Amino acid sequence: MTNKTILKASNLSIGYSAKKENNTIATNIDLTLTQGKLIALIGANGIGKSTLLRTLTGIQKPLSGAVLLHDKKIENYSPLDLAQNLSVVLTEKLPPSNLTVFELVALGRQPYTNWIGKLTETDITQVNRALELTQINHLATKKHYEISDGQLQKVLVARALAQDTALIILDEPTTHLDLLHKVSLFKLLKKLTHETQKCILFSTHDIDMAIQLSDEMIIMTPDTVVQDEPCNFIAKGSFNTIFKDEHISFDAEKGKFVIS
């Protein structure tokens, strides 16, 4: 069975336009995101991972090339249509509010509610399903500022799940988490892709963990952006291209980075 393609980037160049000049970050990017896959985006700090994610989600225009979501150019979606097909979890701090966990997750239903924003039975079912899938039902009545960073990250994933889109994109979801919560979140994302058949793309610095748990990876280096399965990257020695430092190398037998 071939998995359905959700998003395709072809011959993409990303960067910024300023005063008629283009500041190009990466060119010739070809990516295919398919259903039921957990895909990790990795690369050194400042390489442009966030710029790539912003371009793939339509927040930022590409310098050239195309991003197709369900075979339709991403810029041709209205904001409402886009929100019904793609959910994004950024690393922004939440604005101060008194929202409970349930209410925060319910914000994921905004693309579907009427102008009053009243939740229908379908909306409530989707919110409860998202709480269940992320195993945070017990937090539903807590205020979002009363829970830990690890729990809040799961709440934001639940909000994206409640949005019920085929594709979820997360920018550095494990940044402020300790090892236990990192592992827990990684495993949750893996479980969700396989249980819901959604595609989840996330950027991360936890490369060793991403190698173990991702179905596919996208490696960004100053020269190329390449997508493949972790085992193929290991076989090709691709992980040695990420860090330009003689003290950091990738041990293919152990499947992880070592410091000399």
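**Figure 1. The buried residues of helix α5 pack against β6 (86–89), α3, α4, β7 (167–171) and α6.** This view, like the others here, comes from a predicted model. Start with helix α5 itself, which covers residues 149–162. How many of its 14 residues are buried? Twelve of them are, so the helix is largely enclosed by the rest of the structure. If you want to pick them out, look for Gly150, Leu152, Gln153, Lys154, Val155 and Leu156, and then carry on through Val157, Ala158, Arg159, Ala160, Leu161 and Ala162, which are also on the buried list. Notice that Lys154 and Arg159 are among these buried residues. From its first C-alpha to its last, α5 reaches 20 Å, close to the 20 Å expected at 1.5 Å a residue. Once you are past the helix, stop at Asp164, which follows α5 and has a positive phi, near 55 degrees.

**Figure 2. Helix α4 has a set of buried residues with other helices over them.** Helix α4 runs over residues 121–133. What distance should its 13 residues span? At 1.5 Å a residue the answer is 18 Å, and the end C-alpha atoms are indeed 18 Å apart, so the two values agree. The buried residues here are Asp123, Gln126, Val127, Ala130, Leu131 and Leu133. Their cover includes α3 (101–106), α5 (149–162) and α6 (179–196). You met this pairing in the view of α5, where α4 turned up among the elements that the buried residues of α5 pack against. Just after α4 comes Gln135, with a positive phi of about 55 degrees.

**Figure 3. Ser13 and Asn28 touch each other, but one is buried and the other is exposed.** Ser13 belongs to strand β1, residues 5–18, while Asn28 sits in strand β2, residues 21–34. Is Ser13 buried or exposed? Its relative accessibility is 10%, and the cut-off for buried is under 20%, so Ser13 counts as buried. Leaving out residues up to four places away in sequence, Ser13 touches Ala26, Thr27 and Asn28, and also Pro62, Leu63 and Ser64. Asn28 goes the other way: its relative accessible area is 53%, over the 50% line, which makes it exposed. Its backbone deserves a look too, since Asn28 has a positive phi of about 50 degrees although it is not a glycine. Most residues other than glycine have a negative phi.

**Figure 4. Asp71 lies in a loop and has a positive phi.** To find the loop, look between β4 (64–69) and β5 (72–73). Asp71 has a phi near 65 degrees, a positive value in a residue other than glycine. Is this residue buried or exposed? With a relative accessibility of 73%, Asp71 counts as exposed.

**Figure 5. Phe250 is a buried residue of strand β11.** The strand covers residues 248–251. Phe250 has a relative accessibility of 10%, so it counts as buried. Which residues is Phe250 in contact with, leaving aside its neighbours within four places in sequence? There are Ile211, Ile234, Phe239 and Asn240, plus Gly255, Lys256 and Phe257. Take Phe239 as one to trace: it is eleven residues from Phe250 in sequence, and the two C-alpha atoms are 6.2 Å apart.

**Figure 6. Lys190 in helix α6 is partly exposed.** Its relative accessibility is 21%, and residues under 20% count as buried, so Lys190 falls in the partly exposed class. Setting aside residues up to four places away in sequence, Lys190 touches Leu38, Leu213, Ser214 and Asp215. For a sense of distance, compare its position with Gly117: the two are 73 residues apart in sequence and 31 Å apart in space, C-alpha to C-alpha.

**Figure 7. Zoomed back out, the chain has eight helices and twelve strands.** Why call its radius of gyration reasonable for a compact globule? With 260 residues, such a globule would have a value near 18 Å, and the chain has 19 Å, which agrees. The C-alpha atoms fill a box of roughly 55 × 45 × 45 Å, taken along the principal axes. Buried residues make up 48% of the chain. Among contacts with a separation of 6 or more, 67% link residues 24 or more positions apart.

Methods
Residues are numbered from 1 along each chain as its sequence is written. This is a predicted model: local features need pLDDT of at least 70, side-chain atom pairs count only at pLDDT 80 or more; totals for chains, interfaces and linings use all residues. Side-chain values use heavy atoms; hydrogens and water are left out. Helices (H or I, at least four residues) and strands (E, at least two) are DSSP runs, numbered from the N terminus. The radius of gyration is taken over C-alpha atoms; the globule rule is 2.2 Å times the number of residues to the power 0.38. Buried means under 20% relative accessible area, exposed over 50%, partly exposed in between (1.4 Å probe, protein chains only). Contact means heavy atoms within 4.5 Å. The expected span of a helix is 1.5 Å times one less than its number of residues.
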